[in-house]
Amino acid sequence: MGLFTGILTLPLAPLRGTIWVAERLLEEAERELDDPARIEEQLFEAEALHAQGEISDDEYEELEDALMRRLTASGRS
């Protein structure tokens, strides 16, 4: 970036910094969401809720299917 461009875009520096931070947060959230250990933990939690009668058989099956799809997809990435 040249001196002239740097001077003209200086007022946008806080915005660029905010966008950079938001992008890093999004990357970390996606990484955490796709973490196989976290998905397996959620599977165990769903199983416990089902065993305690807090969710129905249908709810458990839907949740399990969704988590298994995420787990399978995260293994391919």
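These legends accompany several close-up views of a predicted model.

Local features are given at pLDDT of at least 70 and side-chain atom pairs at pLDDT 80 or more, while totals for chains, interfaces and linings use all residues. Residues are numbered from 1 along each chain as its sequence is written, and side-chain values use heavy atoms, leaving out hydrogens and water.

**View 1. The whole chain is built from helices alone, with 4 helices and 0 strands.**
The order from the N terminus is α-α-α-α. The radius of gyration is 21 Å, well over the 11 Å that the globule rule gives for 77 residues, so the protein is more spread out than a compact globule. The radius is taken over C-alpha atoms, and the rule is 2.2 Å times the number of residues to the power 0.38. Helices (H or I, at least four residues) and strands (E, at least two) are DSSP runs, numbered from the N terminus. Along the principal axes, the C-alpha trace spans about 65 × 25 × 15 Å.

**View 2. The surface of the protein exposes about 6,300 Å².**
Carbon and sulfur atoms supply 61% of that area. Areas come from the Shrake-Rupley method with a 1.4 Å probe; for residues, only the protein chains shown count as cover. Buried residues make up 13% of the 77 residues. Buried means under 20% relative accessible area, exposed means over 50%, and partly exposed lies in between (1.4 Å probe, protein chains only). The side chains include 7 positive and 19 negative ones. The centres of these two sets lie 13 Å apart. Lys and Arg count as positive, Asp and Glu as negative; His and the chain ends are not counted. Each charge is placed at NZ of Lys, CZ of Arg, CG of Asp or CD of Glu.

**View 3. Leu 12, Leu 15 and Ile 19 form a nonpolar surface patch.**
Together the three residues have about 260 Å² of accessible area. Leu 12 sits in the loop between helix H1 (3-9) and helix H2 (13-33). Leu 12 is partly exposed, at 44% relative accessible area. Patches take residues with over 30% relative accessible area and no salt bridge; like charges are joined within 9 Å, and nonpolar side chains (Val, Leu, Ile, Met, Phe, Trp, Tyr) within 5 Å.

**View 4. A negative patch gathers Asp 57, Asp 58, Glu 59, Glu 61, Glu 62 and Asp 65 on the surface.**
Glu 59 belongs to helix H4 (residues 57-76). Its relative accessible area is 44%, which makes Glu 59 partly exposed.

**View 5. In helix H2, Arg 24 and Glu 27 form a salt bridge.**
Their closest N and O atoms are 3.1 Å apart. A salt bridge is a side-chain nitrogen of Lys or Arg within 4 Å of a carboxyl oxygen of Asp or Glu. The two residues are 3 apart in the helix, so about one helical turn separates Arg 24 from Glu 27. Both partners are partly exposed: Arg 24 at 29% relative accessibility, Glu 27 at 36%. Glu 23 joins Arg 24 and Glu 27 in a network of salt bridges. The whole structure holds 5 salt bridges.

**View 6. Arg 31 pairs with Glu 28 in a second close-up of helix H2.**
The closest N and O atoms of this salt bridge are 2.9 Å apart. Again 3 residues, about one helical turn, lie between the partners' positions. Arg 31 is exposed, with a relative accessible area of 52%. Glu 28 is partly exposed, at 39%.

**View 7. In helix H3 (residues 36-51), Glu 41 meets Arg 38 in a salt bridge.**
The N to O distance is 2.8 Å. The residues are 3 apart, about one turn of the helix. Glu 41 is partly exposed at 40% relative accessible area. Arg 38 is partly exposed at 28%.

**View 8. Gly 2 and Thr 5 serve as reference points for distances along the chain.**
Gly 2 lies in the segment before H1 and is partly exposed, at 42% relative accessible area. Gly 2 and Thr 72 are 70 residues apart in sequence and 47 Å apart in space, C-alpha to C-alpha. Thr 5 lies in helix H1, partly exposed at 41% relative accessibility. Thr 5 and Leu 25 are 20 residues apart along the chain, and 28 Å separates their C-alpha atoms.
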